[in-house]
Each structure stands twice: as C-alpha cells, then as structure tokens.
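Reader: I would love a close look at one part of this model, the sheet and the hairpin at its end. Could you walk me through that part and the open space beside it?

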Amino acid sequence: MEGTGPFWWQRRGFVLAMTLLATVPLWWPTIPPLVDLPGHMGRYRVELAWASHPELARWYDFRWSLIGNLGIDLLIIPVAKLFGLETGVKLIVIAIPALTVAGLLWIAREVHGRIPATALFALPLAYSYPFQFGFVNFALAMALALLLFAWWLRLARQERLAFRAAVFVPLSCLLWLCHTFGWGTLGVLAFSAEMIRQHDRLKDGGDGHWLASWIRAGLGCLPLALPLVLMVVWRTGDHVSGQTADWFDWDAKLHWVTMVLRDRWRPFDLAGMAVMGAVLVAGLADRRLQYSRNLGLSAAFLIAVFVLLPRIVFGSAYADMRLAPFALAIALIAIRPRPGLAFRHAAGFAAVGLVFFGVRLAGTAASYWLYDRSTTQALTALDHLPAGARVVSFVGRRCVDDWAYTRLEHVPALLLERKLAYSNDQWSMAGAQQLTTRYTAAKGFAHDPSQIVTDRKCQREWWRPVDRALTRFPRDAFDYVWMLDPPPYDPALASGLTPIWRGERRSVLYRVDDRTQPATVDPAQPAQFSKALSRRRA
C-alpha cells in the first residue's frame, strides 16, 4: 500500500469525525454517570464556595497544596465562571474521550506514517474501566499524555530536539500537576521511543549497542524529570498520609485485564475484550500484519509497569488497574499492515474496526441513559431538603463485586454540590486532595466509605451492614437520613425517623425527629436484636 492513499480512515476529516463521535454517550446525561465523579463535584463546590460560605468550615477543611492530582480541580475554576459548575464539569469530562481518541490516532500516524486500519480497534478504550470509575483527573492526564507523546514523536521526526527539550520542561510539570500517573506514563512512552530512535541512529553509525541507546535515551528524557522534585516536595510535606501496598496480586491483575471495557453488560464487555485480544493475536499470527518496534517496545514497558505496580500507591487504590487499558491501547495501535497489503484487506480491517467502535459507543450511550435515569430519579429527593442540612446517606451495595457497578455510590455528594449540605461520602486523606472532613460529631460516619451499606458484614471491607448503620449513626449529628437503593432492613430500625420522600427500590429520605440514640445491638444475635426492636417500638 506504500505510495497510495491516504485512504478514508487516514484523512483528517475522519480523525475529526472519530474525535467528535467519541463524545456522543456523554451528550444526554446531566451528570456524567461515572462512579466517583459526583464526589469530586462536591469537592469542587467547596473549593469554589469556600470564601463566600465560611460556614462550610464547620464540616470540612480545605487547603490548597502542591500535589500531583489537581487537573480538574484547577481547570474548573475558570470553566465554572463561564458555564457554571455542573455544565463546566460535563464539558471537561466530554473532552476526555475526545482527547484520548485524538491522541491514539495521532501517535499511530507519527509512528507508522499513516494511520493503520487496525488502530480503530483501540478507540473504544476511551471509555475504559478507569474512566467509568470516575478517575477523572487521571483520565484527563492520560489523554493529555497521549497527545504530548505524539508531539514528542513529531518533534523528534522533525529533528527539533532543542525546542522539544525546552517546551517539555514546563509541559511535564503541568502534566504532573494534572495527575502524577499521566506524567509517569509519558516518561515511559518517551523513554521507550528514544531508545528505538537512539538505537537506530547508533546502528546507522555502525554501533547498535543497546546499553548506549539506554543511556542516550535517559539523557534525552531529562526535560521530563523536573516533576521528580515536585514529587519529593509533595510526599515529604506536613499532614501527608497514604500507604503503598498490595503488591503482586496476580488474580486481581488478571481481572483488571478482563475488565478494561467493564460497564454494564458483562457478555457485551467481555466480547469487546475478546475482539481486541483477537486483533493482538492477529498482529503476531497474520502474515499481513506486523508490530512496530517503536510502539511494541512502549507497550512492553507499560505491561512491565502494570505487572510491577501495587494495587495501592500513596493511598490511591487501583493503581495497577488504571494502566491496563492504556498498555492494551498502545499495543493495538502498534499493529500495522505489512508492505504490499491489498487495499481491500486494509479497508476490511478499517470497516470492521469502525463498526466495532460504533457498536461499543452505542452500548455505552444506552448504558449511560439507563444510569442517568436512576440518578435523576434519586436526585428528586433534594427538592425536599433545605440548604445547609446535615445528611447522612446510606447507599446499598453487595459484598459480591457486581459487574454493573452501582453509579449511586457518590451521588450523595450532590447534596454538597447543589445544597451546600453535609455529605458523609467525601474522601478524607491528607495529602491526596485538598479537602478533608472535620465534623467530629459525625464520629465514624464522617467520610467515605461510611455511606456504603450492605446486607451483611463483608470480608476485608470497611462497609457496615445496613442494620448496624441505622442503629449506630449519631442522631444528634444529622438532620436527615438518605437511603439509596439499600438492602432490605427491618422498618423498626427507622423508628423516630419520618419519611418525607420515597423513590425506587426502597430508596427513602427520612427526617430525624427523635434524636434518642437506639440501644447498640448486634444484629447477628437475633434474640437480643428482636428484644431491642420491641423496646424501641414501645
């Protein structure tokens, strides 16, 4: 196919169309249905309202600090002034899959000269599981890292190395500020690309030694190293907490690989993973295809980092899980047709890849519409709450990790975002974000994960059974109790609580009218539990 084209999947208009098409699933929902996103929106509201609403200091402490996790936290300040908080967040989130798709296609073009037809199979990973989970600072940083890596490759191809070194010093710092993971990924990608470039230069000069290539690649990537100083400042500051733990959990890592497209329908998502796996195998087995050394090495490095990463880094969970879809995406765009491949075969790959992307987007759009329905219905409870209320929320979960992960887990934070009400679902880890809770009257119901309730005690989890949560939350600290899709519980446990709103699937909003604390009982002892409930009814 050399000397022909560009074909329809290689034109700029097609790239623009794919970039815009990637945003379609997010057009309808008012609040993008990403698990953690409402929790972040609550923090953004405190950030924006801190100066004008000093009463928030009763419940929260908010301090700006230099940390590698400030992407949307900073970006929302000017955007909210133009569009408001909710619309501003939606616009930023919509941009993430668009930037991810643009970055992948640009990298593919820089490495291969033209976009290979097989690159289209990587595009559904713009809606990978880390994005579905609501790791929005991370997802934004990774999208930007892909774009910056493409520019890094382009400047190397143009031999503008001095300019590249100068411009990537501030850019690497800004990327680290967005999220540390994006900066680290850019470093891995840039180093692997420099290794190949330096090796080829040395080989052309008669010396192809990999050790020399390694050293030169390291020197070439020094413009990306300044954030190491920022990292030291961050992690040695006062009030920094968060551990690094859970290494080499092979079962979990295998699950992360199978869940890269996890959303709602397990067979549909696993089928998508199977399609991408088949393309990866075809890159090795099909004589019409081959892997680029450049991106092949980049994918190998990312896979090695995925294997070595623990589950928890600096207190942030699912660190290794976040990298899996991007290692897969780089491996997919590393595949290209061998010279001489007939147009009909390349066009066939492109057509199938485009259909695959379209089907995945249609499924994601349908899933988001369904999630948005449940969120919108739940939020009608806010019409019954006054501004500044103290609300303890309990969101139902099962001990089993259901594939269709609930998107209600941090919906209570919209109390804070819309009503400036207290919400017990905010994360409170010094050094991980600017906001920490200080509402001591809430006791063990002050922050995440106190909002999660289950039907029984789950092993290795901090979640409370719903019966225990209802009997132990401090009634004098809260004005309302918001139950969102809770597991079944004895209505007698709600004695002294007046229902003022009811929703779907046992969701209910109670007003706390009786602040007398119930007797503390163990629901695992039925006789004692029954007697206590009888006394409560009397």
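Author: Happy to; let us start at the turn. In the hairpin of β9 and β10, five residues lie between the strands, and Arg-505 there takes a positive phi near 55°. A word on the model itself: it is predicted, so local features need pLDDT of at least 70 and side-chain atom pairs count only at pLDDT 80 or more, while totals for chains, interfaces and linings use all residues. Residues are numbered from 1 along each chain as its sequence is written, and side-chain values use heavy atoms, with hydrogens and water left out.

Strands β9 (residues 497-502) and β10 (residues 508-512) run antiparallel and are joined by five bridges. Strands here are DSSP runs of E with at least two residues, helices are runs of H or I with at least four, and both are numbered from the N terminus. Two strands pair if DSSP finds at least two bridges between them. Along this ladder, Leu-497 has Val-512 of β10 as its bridge partner, and Pro-499 stands opposite Tyr-510 in β10.

Now widen the view to the sheet. It is open, with six strands in the order β7-β6-β4-β8-β10-β9 and mixed pairing. β9 and β7 (464-465) stand at the edges with a single partner strand each, so one side of each is left without a neighbour in the sheet. In general, strands of a sheet pair through backbone hydrogen bonds, either parallel or antiparallel.

Arg-505 of the hairpin also leads us to the second largest pocket: together with Gly-396, Thr-406, Leu-408 and Asp-485, Arg-505 lies nearest the pocket's centre, among 30 lining residues. A pocket is an open set of points on a 1 Å grid over the protein atoms alone, with protein on both sides within 12 Å along at least five of seven lines; lining residues have an atom within 4 Å of a point. The volume of this second largest pocket is about 770 Å³, where volume is the space filled by probe spheres set on the points, which are joined across faces, edges and corners. Helix α15 (residues 343-378) gives the most to the lining, with six residues. By class, the lining has 13 charged, twelve nonpolar and five polar residues. Here Ala, Val, Leu, Ile, Met, Phe, Trp, Tyr, Cys and Pro count as nonpolar, Asp, Glu, Lys and Arg as charged, and the others, Gly among them, as polar.

Notes:
On a 1 Å grid over the protein atoms alone, a cavity is a set of points where a 1.4 Å probe fits but cannot get out, and a pocket is an open set with protein on both sides within 12 Å along at least five of seven lines; lining residues have an atom within 4 Å of a point.
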